[in-house]
Amino acid sequence: MNVLVTGADRGIGEALCRAYRARGDRVVAACFGDSPGLRSAGLRVEPSVDVTSTPTCCALADRLRRTATRIDVLINNAGVAALDRLGSLDYDKLRRLFEVNALGPLRVTEALLDLFAPGARVAIVTSRLGSLGDNTSGGRYGYRLSKCAANMAGINLHQDLKQRGIAVVMLHPGQVRTAMAVLDEAVQGVEPEVAAEGLMRQIDRASPNEAPAFVHAKGTLLPWSCDDQPDFTGQASLQVPQASRPAGVKLTSALGTATRRQARRNRIGRG
Ligand SMILES: NC(=O)c1ccc[n+]([C@@H]2O[C@H](COP(=O)([O-])OP(=O)(O)OC[C@H]3O[C@@H](n4cnc5c(N)ncnc54)[C@H](OP(=O)(O)O)[C@@H]3O)[C@@H](O)[C@H]2O)c1
């Protein structure tokens, strides 16, 4: 299987590349900068792929075409985070988050459209902070808005790509100890290798015949919208259509206690 990962320089992206490689897949590590470490581990490293730049994404596609490389799994992992606060929002910084987190996955997927193998899978590493229904703490305007838009990009891609048998899935890696997470003083995350393992499991499950899932690396479905808003009386009220639930995915948000735990976690800043 050929797997392409964006933002492969470090963090979750690098861990995904190493894990797919260890599984025996062929990996294209698309780095924002470069990764001598991945190259010396025998991976194909494609440097200088900026997801905000159409020319660098198209140049990547050209290089893949020249080597007749088809893509079975595309993981749009590249992302940026920033802390911000109502009253002092910097709209240029907000736009930057949109460019990377929301338009980046779309730009990369579009540039690679003719390179997808039949039955390919497209994953977007968004974030639980992009969930409308899961937002009980506010703040983080740029990150939340851009990840929410990335979720919509994913649903749109599903509508356009399902006829080609291409599955799309939106993923939350959990709280992961990476450079990004350092922004959150309170972060108690898992190691990138643990997150990568969970993400790979969810990507393996993605199917073009089901509505796209928004799923935690642990397998829990996340609410897209306020219609899915948990009922804090403790009664289950998360409305996730059966059709959108991939086989093997637990719906633990239907438990009031789990929901309250989620809400508590939400008050802690996360990526
Ligand atoms: N860590 C968490 O707890 C957490 C939680 C939820 C979601 N996520 C999401 O998971 C994904 C990976 O995050 P991470 O935690 O691994 O963060 P990270 O360690 O900061 O890695 C982000 C990667 O994206 C790359 N990148 C940044 N801007 C880019 C651009 N314009 N074009 C291409 N690549 C670019 C970075 O390159 P450089 O190294 O050169 O800057 C880096 O390789 C992100 O989408 C993030 O939003 C993370």
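Two residues are taken to be in contact if their C-beta atoms, placed from the backbone, lie within 7 Å. By this rule, and leaving aside neighbours within four places in sequence, Ala-29 is in contact with Val-5, Ala-8, Cys-17, Ser-35, Leu-38, Leu-43, Arg-44, Val-45 and Glu-46.

The model is predicted: local features need pLDDT of at least 70 and side-chain atom pairs count only at pLDDT 80 or more, while totals for chains, interfaces and linings use all residues. Residues are numbered from 1 along each chain as its sequence is written.

An open sheet of 7 strands (DSSP runs of E, at least two residues, numbered from the N terminus) has the order 3-2-1-4-5-6-7 with parallel pairing; strands pair if DSSP finds at least two bridges between them. Strand 3 (44–46) and strand 7 (214–216) are the edges, each with a single partner strand, so one side of each has no neighbour in the sheet. From one strand to the next the twist averages 25 degrees.

Strand 4 (residues 71–76) runs parallel to strand 5 and is joined to it by 5 bridges. Ile-75 is opposite Ala-123 in strand 5.

Two helices (DSSP runs of H or I, at least four residues) pack on the sheet. Angles run from 0 to 180 degrees between N-to-C directions, with axes fitted to C-alpha atoms, for helices over the stretch in contact.

| Helix | Strands touched | Angle |
|---|---|---|
| Helix 1 (residues 11–23) | strand 1 (2–6), strand 2 (26–30), strand 4, strand 5 | about 170 degrees with strand 1 |
| Helix 6 (residues 192–205) | strand 4, strand 5, strand 6 (167–172), strand 7 | about 155 degrees with strand 6 |
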